[in-house]
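The following exercises concern a ligand shell and a set of annotated positions. Please study the sequence and the structure before working through the solutions.

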Amino acid sequence: MKIFNAQQIRDWDAYTIAHEPVSSLDLMERASQAFVKWFCNQFVQTRPVWVFCGKGNNGGDGLAIARILSTGGYDVQVYTIDYPGKASADYSANLERLKSHITPTQIAAITDFPEVPEQVVCIDALLGTGLSRPVEGLLSEIIVKLNSLTNKIVSVDIASGLYTDQSNAQDDVIVKPHFTVTFQCPKLSFMMPQNAHFTGSWHVVPIGLSEEYAQQTPASYYFTEKKAAETRIQPRQKFSHKGTFGHALLVAGSFGKMGAAVLSGKACLRSGAGLLTMHVPACGYEIMQISLPEAMTTVDKHEKINTQLPELDAYSAVGIGPGIGKEQPTVELVEKLLDTIGVPLLIDADALNILSENRQLLDKLPAKTILTPHPKEFQRLAGDSSNEFERLEAGRQFAIRHQVIICLKGANTAVILSNGDVHFNSTGNAGMATGGTGDVLSGIITSLLAQKYPAEDAAILGVYEHGLAGDRAAARRGQSALIASDVVEYLGW
Ligand SMILES: NC(=O)C1=CN([C@@H]2O[C@H](COP(=O)(O)OP(=O)(O)OC[C@H]3O[C@@H](n4cnc5c(N)ncnc54)[C@H](OP(=O)(O)O)[C@@H]3O)[C@@H](O)[C@H]2O)[C@@H](O)CC1
Ligand SMILES: [K+]
């Protein structure tokens, strides 16, 4: 699913109005009905609903939502806010329509803000995607009040005060909703961990905006859901054999960190590679043979670290990094690998740190190499950023400059392609913030590369399936108990 920016969303709206055709007032009605449908599934009719409306179209939605809920039997009160600025035409039209159902109360000063009983669900329809500047004055006082309540808050389209596609300042006043019900597509700002408090649990509801516009309008940002991920899966043919599915090489492990090698190796096999060879230091030989009998093992001459590059001819993809450490002989191994590799490559963990500390190696990265940094590793690679929008932009510039693919790990892992397009992942949960899950991801993606998946598909699908396995595991045992081995256990597609 494409993620459009605020201007594109306005254009999408206008395109739909012109081409469907539909009046903007009817489109607002459709959006409001879609919101109400979600709302009625979430909150029973006995919950009183108070709607706080600004004067733009977001406020217009609020008025229409209030009317529809009231017609549907909810006990609804409406608060309009008296602040400088002109009301939109559809807001005014909906205010007229509302009057035969509900008499709104105007808030002219913060002292007019009502006492809100505990049971009330508050709907935030103050400002939407038309936000153009920080919220000030009475509107900001109202947001502060709303945020001080213990009541459930549901934001219409986007939390009031939150920008759609740019970073807010640290001290901006923004609603902190429990839920956001957003129209037609997720918003870029929802993808940023810094905004988690300002989205709550967010849900996209379709409002029938033009499919044609969505298809023909280029976007730089995408949200990878089930369908987008599954279309990338290559079905296995009946007459295939293990040679069909490639031979992966994982260079992993060091003394005390053989677990990283085991986890990535297991994940690699569970992700469909025909054959797997693990290259590990001598101390890891028995560990690998016992814990991963399905894999072959080549051992380094060094007891504790990897120093030698195995002959690469036999392999269809290579993954390097989990648990390897940063000793000088390992740095040399990474350099030699970059000088000689002719098959798809994944670089993770300490191999990324080696790149950060030996920056001349960056110029040797083969095109479409997949890098899987967590935020700290990414910072070492690409430098500091003052917020997550800036960090994402730094990631795009890095990916374009070096022609690599970056999986920037976190909630909604961002897969940044070498043309700068970003695919945010929809799966995964906070239980996966535990040691070893990154090693699992490396194994999955290396496996897909070995099976000749295009690098973009390997990254996007690998990240999706990794998160999905984590979600299955969390559903079975809860987030706190989740460990990386569980993610491997629940892989499967
Ligand atoms: N897209 C769709 O398909 C559909 C969208 N719909 C709905 O429309 C919403 C977008 O509507 P919208 O453009 O009228 O924006 P919204 O945020 O309500 O108000 C903008 C007004 O507020 C003003 N303003 C800006 N910042 C301000 C501030 N800090 N403090 C005070 N005022 C501020 C701004 O002033 P200006 O920037 O022009 O000076 C302008 O006058 C969208 O979120 C969704 O709910 C659905 O109804 C139907 C389908
Ligand atoms: K809002």
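A residue is counted as near a molecule if its C-beta atom, placed from the backbone, lies within 6 Å of it. The model treated here is predicted.

**Exercise 1.** Determine which residues are the closest to ligand 1 and which helices supply its shell.

*Solution.* Step one: 30 residues surround ligand 1, and the closest are G56, N57, N58, G128 and G130. Step two: at least two residues of this shell come from each of α1 (6-19), α2 (24-42) and α3 (57-71). Step three: α3 gives the largest share, with 5 residues. Step four: sorted by class, the shell holds 14 nonpolar, 12 polar and 4 charged residues.

**Exercise 2.** Establish where UniProt places the feature "binding site", and why these positions gather at one spot.

*Solution.* Step one: an unreviewed UniProt entry assigns the feature to K409, G410, A411, N412, T413 and G438. Step two: these positions span 30 residues in sequence, but no two of their C-alpha atoms are more than 14.2 Å apart, so they gather at one spot.

**Exercise 3.** Decide whether N412 is buried or exposed, and describe the surroundings of A411 and N412.

*Solution.* Step one: A411 lies in the loop between β16 (405-408) and β17 (414-416), and N412 lies in the loop between β16 and β17. Step two: N412 has 20 other C-beta atoms within 10 Å and is therefore buried. A411 has 16 C-beta neighbours inside 10 Å, so A411 counts as partly exposed. Step three: leaving aside neighbours within four places in sequence, A411 is in contact with P193 and G428, while N412, on that basis, is in contact with M191, F424 and N425.

How values were computed
Residues numbered from 1 in each chain as written. Chains lettered and ligands numbered in written order. Predicted model: local features only at pLDDT ≥ 70, side-chain atom pairs only at ≥ 80, totals over all residues. Helix = DSSP H or I, 4+ residues; strand = E, 2+ residues; numbered from the N terminus. Nonpolar A, V, L, I, M, F, W, Y, C, P; charged D, E, K, R; others polar. UniProt positions renumbered as here; feature names shortened; annotations may be inferred. Buried ≥ 20, exposed ≤ 12 C-beta atoms within 10 Å, placed from the backbone. Contact = placed C-beta atoms within 7 Å.
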